[in-house]
Every structure is written in C-alpha cells, then in structure tokens.
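Here's a quick briefing to read with the model open beside you. It goes through salt bridges, a cavity, a surface patch and a couple of backbone oddities.

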Amino acid sequence: MQPLNRQPAKIRQVIRPETLRETPQSRWSAVIAVGILVASGMLAYADSFSAPFVFDTLSITQNPAIYTLWPLTSNIWRPVGWWSFAINYAIGGTNVWGYHATNLAIHLAAALTLFGIVLRSLSHGRLVARFGPAGWGLALVVALLWLVHPLQTQSVTYIFQRFESLMGLFFLLTLYSFIRAQDSSRSTAWYVSAVACCLLAVMTKEVAVAAPLLVLWYDRTFVAASWREIFHRRWALYAGLGGTLVVLAAIIRSQADKLPTAGLLVVKGVTPLQYAVSQPGVIAHYLRLSLWPAGLCLDYAWPVADTAAKIVPPLVLIAALLALTVWSIFRWPAWSFLGAWFFLILAPTSSIVPIVDLAFEHRMYLPLAAVLTGVVIGGYLFSGWLLARRWPVAGRRPFVLALIGYGLMGAISMTMGCLTVRRNLDYRSAITIWSDSVRKSPKNARAYVNLGVALAEQGQVDEAAVHYRKALEIRPDYADAYYNLGVNLDKRGQVDEAIAHYRKALELRPDFATAQNNLAWVLATCSDASLRNGAKAVELAEQAVQLSNSQDPEFLDTLAAAYAEAGLFSMAMQTARRALDLAVQQNKQVLTESIKAKIPLYDARKPFREPPDRDGKGQDLHPHR
C-alpha cells in the first residue's frame with residue numbers, strides 16, 4: 001500500500017500546485033456532483049422540516065435578541081449566528097419550516113465546499129500523481145458520506161446548533177479560498193475571501209479559532225516548500241487570519257462576565273483536570289459514532305470519569321492517535337493534516353477548558369470530515385494494494401477497483417442516509433426526542449425535565465409531574481426541576497405548594513428570571529388574599545425585567561400587575577403600555593390581547609386577579625455550547 005504524500009525531500013521542494021484546467025468534461029462532472037449531493041441531502045432531511053423547536057424555546061422563540069435585525073448590540077456574543085436567526089424571524093416569525101430550510105441550505109453548502117476541498121487537494125498539486133484519476137470519485141464519496149451521516153442530525157435538525165454548522169461552512173470556505181488562490185490569477189481576491197470567511201467563522205462560534213492553524217498546516221503540507229516561503233510570500237494572509245483571532249478575543253473579553261452563567265470556563269463540580277481526564281472517553285465515543293452511528297442521543301449528561309477503568313483505556317487510545325499524528329508529520333505529512341484537523345477542531349471543547357456539558361454530538365460536525373476522509377482514502381489505498389497482489393492483469397485493476405469501491409461506498413451512503421431519515425423521526429415531536437433521550441440516558445435530570453415540559457404542553461400534567469419528581473430524585477439541587485414542578489402545581493390549583501417550589505428554585509439560583517417572574521405573578525394576582533404580597537411581587541418582577549433588559553413583554557406584564565397590587569396604578573399603566581408595545585412588536589397576539597384587557601382595570605385603579613386554574617408555562621432548557 002502506497003503512503004499518502006510520501007515523496008523524496010528534493011522532489012517535494014520543487015513541486016508546485018498545477019493548474020486545474022476547466023474542460024467541458026470537468027464542468028459536467030461538477031454539475032453531476034452538485035446534483036448528487038443536493039438530491040441526497042434533501043432526501044435525507046425531507047422529513048425534518050416539520051420537526052418542532054427542541055431545546056430552542058429560550059434561545060429562539062422567546063428570545064427578544066432576534067426580534068430586530070439591527071443594531072446587533074444585544075447579539076454581540078456569536079453575532080453572525082444570532083443575526084441569521086434574526087433574519088429567519090424577520091421573514092417568517094416562529095414558523096419552524098424556514099429555520100429548518102436555512103439549516104439544510106447551510107449544510108448542503110458546507111458539503112459542496114468540502115467536495116471542492118477534497119477534489120482540489122487530490123486532483124492537482126502534490127497528490128495528483130497518486131490520486132488524480134480517482135480524485136473526483138473520492139471527493140464525492142467523502143462529501144456524500146459526510147452530508148448524510150446521521151451524526152450530523154444534531155447540527156442540522158436541532159435548530160439552535162446552526163451555530164456549529166454555520167461556523168463549519170465559513171471554516172470550510174476559509175480553507176477552500178486558500179486552496180483556490182494557489183492556481184488562480186486572482187490570488188489576492190481569494191486570500192481576502194479566506195480572511196473574510198475566517199472572520200465570519202470566529203464571529204459565529206469560538207471553535208473557529210482552529211481555522212488559521214489548519215490553513216497554515218495545509219500550506220506547509222501541500223503547498224509550500226519551506227517555512228521561509230510561507231512567511232515570505234504569504235505573510236499578509238497570515239496577518240489577516242491572525243487578526244480574526246484578535247476580534248474573537250475581544251468578543252470573548254466583552255462577554256467575560258457571562259461565561260460562568262453560560263457554563264463555560266467555570267463549571268460547578270467540574271475542575272479542569274476532571275474535564276480533561278473525561279474527554280478521552282468522550283472522543284472515543286465520538287469516533288465510535290463516526291464509524292457505527294448507533295445510540296445517538298440529543299442530551300447525554302455525560303458523567304465525569306472517576307475511575308481508572310473509565311480513564312485509562314480511552315486515554316491510551318487517544319494518546320496513541322495523537323502520537324501517530326505527530327509521527328506522521330515527518331513520515332506521511334498528508335495523514336498528519338487529517339489528524340490535525342480532527343484534534344485541533346475538537347480542542348476548544350475536548351481539552352482542559354471546562355464546559356458544563358462534557359459531550360454533545362454537534363461538536364463532531366467538522367471533525368467527522370477528517371475521519372471519513374481517512375477511511376475513504378485508506379480504503380482506496382488498501383484495496384489498490386490488495387488488487388495488485390491478487391489481480392495479475394494490471395490493465396483491469398482501475399476498473400475493478402472503481403466498480404468495487406463505488407459500489408461499496410454507494411451502499412454505505414444509502415445506509416447512512418436511511419439512518420439519518422430514521423433519526424429525524426425522533427425529532428418529530430418534543431415528546432419523542434425527550435423520550436428517546438431519557439431511554440438512552442436514564443440518569444439525565446435535564447432530559448426528564450424537558451420530557452415533563454413536553455408532556456405538560458400536551459395537557460398531560462400528571463405525567464409531567466412524575467418526570468419532574470424523577471429529575472429531583474436524580475439531582476436534588478436542580479433549580480429547573482423545582483421551577484417546573486412549581487408550574488405544574490400552579491396549573492393544578494395548588495398555589496401554596498407552587499410558591500414553595502418557586503422559592504426553592506430561587507434559593508438554588510437567585511438570578512432565575514423566569515422563576516422570579518412566575519413567583520411575582522402568583523404573589524400579585526392570586527385569588528387567595530392570604531398568599532398575595534404586592535411589595536415582594538414588585539421586587540421579584542423588577543429583578544426579572546432587569547435580567548431581561550426590559551425586552552420581555554411577559555415580564556413587563558407581570559411587573560404591571562405587581563405595581564397594581566401594590567397600589568401603584570400610574571406605574572402599572574405605564575408599564576402595561578410598554579409591555580403592550582413590545583408584545584405587538586414581537587407579534588405575540590395572545591399576550592397582546594391579555595395586556596389590553598388589563599389596562600382598563602389599572603385605569604380604574606383595580607388590580608388584576610388570576611382565576612384559580614391559571615395556565616402556567618414550563619421552560620425547556622437549552623445548552624448554548
């Protein structure tokens with residue numbers, strides 16, 4: 001079996017990328033590839049367009065930050081990703097179809113870009129002699145497998161993870177632009193494109209910090225003859241790419257006070273060392289899913305590794321792969337690039353920097369490309385070596401190799417596509433996806449809470465309470481479980497018990513704005529006079545409004561009711577009108593009518609009283625990582 005990119009040093013120093021000539025045949029090949037990829041992607045995800053928002057309520061449907069396109073001051077954290085959601089909202093409100101269509105379009109564009117990267121890497125330059133004739137087929141197989149692999153469903157069907165797929169698209173475009181610059185008469189324009197795409201990537205998600213390093217690695221591996229050539233001829237490019245990291249650092253610094261709340265850097269109960277020794281097991285799991293995607297789970301609640309049996313075996317495996325990557329730098333440089341692609345992109349989420357969620361499948365969106373490229377090209381080289389030993393008539397080897405290889409890859413691609421269709425069925429409702437998560441991760445308190453919320457939204461209040469209590473059995477200090485159980489009790493008219501659970505939630509998490517709002521509402525509007533407390537309601541409602549930057553009309557509605565209960569009717573009127581304006585602006589029709597009905601009461605100096613069967617709302621919880 002011939003190694004990838006193994007050439008004598010003297011030859012490697014004089015090789016330059018060859019021009020990829022545009023011919024009618026190559027253009028038709030590109031059209032065919034685009035057609036196959038687009039059709040395959042649409043077939044694999046056709047059944048995902050009706051899937052509801054999952055894990056997305058607070059981040060999308062109830063997030064005032066996406067209600068306006070400009071200015072982006074409220075969306076400074078990952079601004080490009082948030083802006084894409086704002087565009088969706090401006091076009092179709094909370095119609096889920098448009099969000100899914102956008103996610104799929106991003107994924108298709110990323111797959112086409114990956115096809116271009118692999119094709120140009122194999123069909124000219126240092127690898128052309130080894131892979132030139134097979135470059136188109138190999139690139140198509142890699143891109144197709146990556147496109148329809150079921151491991152990608154979390155980045156495509158789970159709407160909020162657009163941050164991962166959109167960042168991935170810009171990341172791939174950064175590398176593609178660099179590659180195109182090598183055989184273009186407009187290389188400067190392509191270099192500018194690379195810097196611009198890298199900037200968009202880092203402004204979408206922090207994982208893009210690896211992009212400049214991988215462009216540099218690609219340059220030295222496939223293009224430049226020496227480090228001196230890189231910095232002599234392309235110093236401006238790398239200065240621009242480095243500048244994007246300065247922008248990223250500035251964004252992170254501006255949001256530093258929000259990192260602990262978002263579950264980044266400072267995570268309760270998880271030290272950097274604990275996080276680091278747990279990640280080899282996570283990475284090994286990612287690799288297993290890449291090769292055998294069974295047991296996919298939306299929310300793992302992956303536990304910290306605390307025994308030698310959980311730490312040592314995966315640590316040995318990952319250390320060996322890292323050592324192989326380093327060794328390949330000197331022996332087989334092209335293989336080292338695949339290793340660097342995998343480990344550098346995973347590094348921000350799978351190293352020593354603690355994140356509240358130790359494992360999430362969407363983090364494999366880009367690293368999966370390295371795994372699949374290695375498998376496809378390795379399989380191609382191995383089968384060629386095997387046929388060379390077993391098939392004496394050399395002239396027919398390419399035909400046999402292509403027939404066997406493409407047939408096998410076609411079958412695998414169809415299997416992966418069918419598995420993706422099947423996985424998307426789990427997303428058809430909130431109940432099905434959270435039932436699936438509870439089944440696969442039975443010690444996941446968050447999954448039980450979200451299943452309870454999904455059941456409550458369908459009117460299955462008693463069943464929801466069972467899951468909230470199960471979550472508290474697993475995690476007695478879980479504020480969200482107390483809050484949602486409080487909502488459940490409130491719906492059933494057990495207001496005094498609901499108040500107790502809201503207070504328990506706030507003891508555990510004092511800045512829990514939704515719990516503050518609900519408790520304030522009960523204290524301001526409860527029909528039982530013995531439970532009302534206007535002054536406390538005002539205090540809690542004001543805190544909730546402040547935490548929401550006065551952009552949540554529901555919180556303002558609660559504050560108006562609290563002012564009325566406290567006898568501050570002029571402030572109640574003023575606040576209710578602010579709430580009404582925001583509700584109209586955000587197209588919340590039910591809330592709009594509700595606020596309109598209360599304003600005459602406040603004008604008549606009367607407080608609002610909630611009937612005993614008030615319809616409280618639960619909260620689905622979402623990770624922002």
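Does Arg-439 count as buried or exposed? Arg-439 counts as exposed, because its relative accessibility is 56%, and the cut-off for that label is over 50%. Bear in mind throughout that this is a predicted model.

**Arg-439 and its network**

- Arg-439 pairs up with Asp-436 in a salt bridge, at 2.8 Å from N to O.
- The two partners sit in quite unlike surroundings: Arg-439 is exposed at 56% relative accessibility, while Asp-436 is buried at just 2%.
- Both belong to helix 19 (residues 430-440), and because they are three residues apart there, about one helical turn separates Arg-439 from Asp-436.
- The pair is part of a wider salt-bridge network that links Arg-422, Arg-423, Asp-426, Asp-436, Arg-439 and Lys-440.
- Within that network, the side chains of Asp-426 and Arg-423 meet at 2.9 Å, N to O.
- Asp-426 and Arg-423 share helix 18 (residues 397-426), again three residues apart, or about one turn of the helix.
- Here both partners, Asp-426 and Arg-423, are buried.

**A salt bridge across the sequence**

- The overall count comes to 23 salt bridges, and one of them joins Arg-446 to Asp-357 at 2.6 Å, N to O.
- Arg-446 sits in helix 20 (residues 445-457) and Asp-357 in the loop between helix 16 and helix 17, so this salt bridge ties together parts that lie 89 residues apart in sequence.
- Neither end is out on show: Arg-446 and Asp-357 are both buried.

**Space inside**

- How many cavities of 30 Å³ or more are there? The count is two, and the largest cavity holds about 250 Å³ of space.
- Its lining is made up of 19 residues, with Val-118, Ser-121, Phe-337, Leu-338 and Thr-373 closest to the centre.
- The elements giving two or more residues to that lining are helix 5 (96-123), helix 9 (162-181), helix 11 (211-223), helix 16 (333-346) and helix 17 (367-390).
- Helix 5 supplies the largest share of the lining, with five residues.
- Chemically, the lining of the largest cavity splits into 17 nonpolar residues, two polar ones and no charged ones.

**A nonpolar patch on the surface**

- Over on the surface, Leu-69, Trp-70, Trp-83, Ile-87 and Ile-91 form a nonpolar patch, with about 570 Å² of accessible area together.
- Trp-70, one of the patch residues, is in the loop between helix 3 (57-61) and helix 4 (79-92).
- Trp-70 counts as exposed because its relative accessible area is 67%, against a cut-off of over 50%.

**Positive phi without glycine**

- Asn-587 isn't a glycine, yet it has a positive phi of about 60 degrees.
- You'll find Asn-587 in the loop between helix 27 (569-585) and helix 28 (589-603), and at 55% relative accessibility it counts as exposed.
- Arg-605 is another non-glycine residue with a positive phi of about 60 degrees.
- Arg-605 comes in the segment after helix 28 and counts as exposed too, at 56% relative accessibility.

Note on methods. Residues numbered from 1 in each chain as written. Predicted model: local features only at pLDDT ≥ 70, side-chain atom pairs only at ≥ 80, totals over all residues. Heavy atoms only, no water. Patch = residues over 30% accessible without salt bridge, like charges linked within 9 Å, V, L, I, M, F, W, Y side chains within 5 Å. Areas by Shrake-Rupley, 256 points an atom, 1.4 Å probe, with all protein chains shown as cover. Salt bridge = Lys/Arg side-chain N within 4 Å of Asp/Glu carboxyl O. Helix = DSSP H or I, 4+ residues; strand = E, 2+ residues; numbered from the N terminus. Buried < 20%, exposed > 50% of the residue type's maximum accessible area, 1.4 Å probe, protein only. 1 Å grid on protein atoms, 1.4 Å probe; cavity = no way out; pocket = protein on both sides within 12 Å on 5 of 7 lines; lining within 4 Å. Points joined across faces, edges and corners; volume = space filled by probe spheres on them. Nonpolar A, V, L, I, M, F, W, Y, C, P; charged D, E, K, R; others polar.
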